[in-house]
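Colleague: Could you take me through one part of this model up close? I'd like the local picture first, then whatever packing goes with the rest of the chain.

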Amino acid sequence: MSADESRKFRRNLAIRWCAVKLSLRGQDRLDATRVDVSDAPSSDVLHSILSSRPFQTTLTDAVRQLLAGTSKREWTSTLRDAGVTARDGRYAQLVGWLDAAREPDAAPDRTPPESVAHENALRYTAALGQGQVAPVWADYPTLDEAIDSDLADGPLAVLAAADQTPTIAAHIDKTDFAEQPRQQRENTFRLLSVLDTQCDVYLICTGRTARWLADTHRSDLPLDFDDYLNTTHDSNHPAEKVVDDALSALDPEGGPVQLLRALADEPTETVPQASLPEMLRRDSSTVSQYLSTLKKLGLVDCYSAGAGNHISLRDSGSEVLDRLDAEIGRQSKLDSLFDATGKSRKRPCNPAPEREGEGPPGQHPPAAADTAAASADDSATAPYRTRFLDRTTHDATASLATSGAITVSRGDVADSRSTPTEDLHVRGVSYDANRDEAIVAVRGTTPLQYITSIALSLASPRLFDNALPLDRLDEIDLSPFILRSARCIGCLSSDAENDPQVLRDNFIEWGQELAEMTTDLRNDECDDRGQLRSEIMRSAHGLAGSIAHLLDVAGVDLIRELRIPSPVNDSDIDDIMETVSVAATIQSTYGHYATYRQLFEDRPAKLETALSPQVDAADPYGTYIGSLVVRSPSPDRVLEPLADHLADPLPVREDRPEIAVEVPLREADRSDYVGVLNRVGERKNLTATPEAVTLCQTLVSNPWALSTALNRLGEESQQRPIRLDEVRVALAHLDAEELLPDATPTVSKTVTALLRSAHPLSKTELAERAGISPRSLRSDGNLDALVALDLVRETEDENYRFTLPFATDDERGTQVCPDVVDDDHAVPRDVLYETVLSLVDDPGSRVADPDDPLGALFFGPGIDIEVLVAELPWIEPWVRVARLLSGSHHTELTRQTVRFGAEIEQQAVGLPG
């Protein structure tokens with residue numbers, strides 16, 4: 001199956017489901033070919049379709065349309081000219097007989113029967129893919145041959161030439177379909193994809209089956225398959241009327257709307273019905289009334305899964321929420337970080353009592369950061385919202401996180417040049433109960449935006465109530481005195497000490513207070529902007545630090561993600577890193593003692609109530625709570641200022657205890673790609689292999705893109721190593737910009753086209769599918785470099801293929817990969833040598849001459865990369881590829897331990913490697 005065919009299938013294949021009768025586009029289709037694919041082998045499915053009356057009638061009409069006005073002698077040549085070339089053109093000779101005249105019939109009152117030749121043509125067509133002996137040619141094509149070429153070049157070519165589009169309705173019953181071998185199921189989807197290039201193909205299944213297919217056959221289904229899971233079928237009302245009726249019937253602040261919002265906040269917009277009472281803090285009967293209302297209005301779906309019912313948000317339900325927010329302006333105070341609808345008042349900037357927590361007394365953000373969104377990248381006009389992260393982002397960020405450390409990774413970050421502001425102004429939160437890990441993911445274009453976004457994300461009810469439910473708060477066994485005086489956790493009023501609900505509400509209210517302050521700053525509703533900026537910064541540090549310490553005490557693993565888009569200039573990055581470093585001092589601990597209070601606090605009132613730790617001389621080092629992942633398109637712009645500020649975040653107090661905090665600072669490496677493969681693979685029952693890791697790290701631009709690709713794979717019934725053909729299928733889902741990030745766009749597009757193709761391509765085909773000119777493919781060594789690196793191979797017939805197995809019966813499970821990947825003794829110098837030999841003019845004299853600056857580089861055990869790049873600037877993007885393919889350690893990656901606090905005579909131990 002070609003990449004174009006696959007994309008067309010994924011784009012056009014629609015899913016409709018109903019309980020009793022076949023329903024397509026809301027009405028019966030009497031002209032459709034109906035076939036049950038639940039338990040039939042793919043060859044039987046194909047035979048049922050090709051032998052059905054609707055398909056044969058359409059094929060006959062197409063042939064007669066094409067051959068109208070031609071003589072029998074012209075039939076074969078006419079059809080071949082129309083593209084009917086299957087079986088070396090012999091199918092055109094066969095199918096032309098569908099235009100043969102009917103047999104004479106003596107009865108005047110009935111239609112004469114079709115000729116024997118006509119019936120034979122239909123019979124031969126119906127046997128395509130069956131592998132049977134036939135009188136027309138030696139044997140019929142096998143199923144693979146039919147799928148790969150003979151269908152497209154045979155009956156489908158006839159339909160295309162005549163512009164005929166038959167309809168095929170394929171019914172799937174989950175119980176029967178799930179019992180079939182996975183290979184049979186995959187072949188069924190391959191077959192449907194080929195048929196869909198010229199037919200309208202529909203899957204007919206229940207909503208539950210559709211969801212199961214999305215989980216187990218994601219890589220075989222349309223890219224937008226999930227979009228259909230909430231699509232209403234056989235609707236008696238247009239979608240707009242459904243929404244209008246719902247808006248008229250619902251109270252914007254009522255229980256049913258709150259239930260819709262709870263569903264919208266879930267990553268999958270689906271929750272077990274049994275969990276709704278706890279989520280909404282309502283009894284079961286009340287929740288049942290809410291659900292009854294929403295079902296009648298057509299805003300939610302209910303389906304059975306596992307041990308109970310699940311509730312899923314429909315598109316109409318999402319539209320209702322969007323309309324409510326747009327028409328009524330509903331936006332919770334917590335989510336309105338920069339909303340312009342705050343009350344007009346002059347704020348005195350007095351801190352709320354018993355909320356302070358830990359924070360610098362007078363840290364002023366730069367004057368340019370008047371609001372958290374005031375930067376070249378972010379507009380300050382759109383409101384901010386807190387939303388759950390999708391699974392792919394959670395997987396990648398968590399895989400990069402190292403406890404107590406900061407990881408900096410290359411990664412794409414959306415900016416205002418290509419993304420609407422409302423999509424940029426989203427704070428991401430996520431909680432994985434199985435791993436007990438919480439993630440907050442925020443953008444950072446200014447210092448104020450970073451710290452306020454972190455604080456408000458942590459104080460979001462969506463995250464707080466999942467990570468720190470009331471029973472968990474109640475189980476914390478540290479005394480309130482230690483929590484307040486040693487950990488420096490705020491919000492611990494006398495009532496909160498004995499009532500976790502009060503403690504929870506105090507933190508939520510603190511977040512609301514902080515959100516209101518930022519709104520006042522934006523609207524200039526204060527007496528002193530500088531004082532208010534300073535108070536916002538202090539409050540945000542205190543809130544973020546308090547919740548970080550509370551999560552640490554409760555045993556929750558906190559992972560922060562900071563996203564820095566390209567338009568942020570170096571000066572702003574330096575300011576952001578300063579704030580990150582100050583936050584690290586607050587969110588670190590020596591035992592149960594907050595390190596900021598021990599090392600940097602200089603306010604007498606705070607020091608009077610501070611507890612002092614008993615320092616262990618053998619272990620004077622504290623730890624950074626949780627972890628931080630910094631995502632940036634240019635990691636090198638982040639690493640140096642982060643290391644500098646982290647080593648000297650604030651002046652150390654003279655009478656501080658002899659303690660310090662060591663924070664490992666690392667740049668993402670191979671281990672992170674292993675982590676993504678294993679984390680995603682854990683759900684898919686797939687384990688990483690060295691070859692898969694090497695190829696993914698070499699080809700994929702960043703761990704988040706890899707997570708997106710791998711999540712497209714289906715789930716296996718038993719655990720096994722990931723196959724290289726599955727790596728190919730996963731990477732084929734990525735855009736060109738996400739592959740070979742240092743290469744030219746031409747190279748990335750070439751790789752994308754080859755990954756998506758199911759067979760080798762000629763240079764002309766490759767250029768066409770890649771959307772580039774044949775000249776650009778040949779120029780600058782674009783294709784030659786890929787061949788030299790063995791990422792692409794030239795076949796015997798001078799076509800090109802990517803060096804990974806095709807997902808076909810012949811190659812599935814084989815070990816097709818670049819030779820260097822399987823070579824344990826490979827080194828970058830040897831790989832680069834082959835590249836130079838292929839691309840340098842007159843390489844024999846230069847490379848073989850030790851006196852030539854280029855040739856001298858390849859004499860000896862190593863190679864000076866800087867000299868090589870100076871001599872051949874075009875080779876720079878291939879240096880990284882050579883290193884990664886050969887498994888060479890990248891010595892330029894940052895991997896150090898940064899220390900802040902007291903100067904300890906004991907030497908810090910750096911990370912290995």
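Modeller: Here is a look at one loop residue, its helix partner and then the nonpolar cores. Bear in mind that this is a predicted model, where local features need pLDDT of at least 70, side-chain atom pairs count only at pLDDT 80 or more, and totals for chains, interfaces and linings use all residues. Residues are numbered from 1 along each chain as its sequence is written, and side-chain values use heavy atoms, with hydrogens and water left out.

Start at Glu 716, in the loop between α32 (703-710) and β19 (720-721); helices (H or I, at least four residues) and strands (E, at least two) are DSSP runs numbered from the N terminus. Glu 716 is buried, at 12% relative accessible area (buried is under 20%, exposed over 50%, partly exposed in between, with a 1.4 Å probe and protein chains only). Setting aside neighbours within four places in sequence, Glu 716 is in contact (heavy atoms within 4.5 Å) with Arg 182, Lys 684, Asn 685, Leu 686 and Glu 726.

Arg 182 belongs to helix α10 (residues 182-195), which has 14 residues. Of those, 13 are buried, so α10 is largely enclosed by the rest of the structure.

Now the packing. A nonpolar core is a set of buried Ala, Val, Leu, Ile, Met, Phe, Trp, Tyr and Cys residues joined through side-chain atoms within 4.5 Å. The largest has 80 residues, and Phe 507 is among those touching the most other members. Helix α25 (residues 529-554) gives the most to this core, with 12 residues. Apart from that core lies another of 69 residues, including Ala 730 and Phe 858.

Note on methods: Expected span 1.5 Å × (residues − 1).
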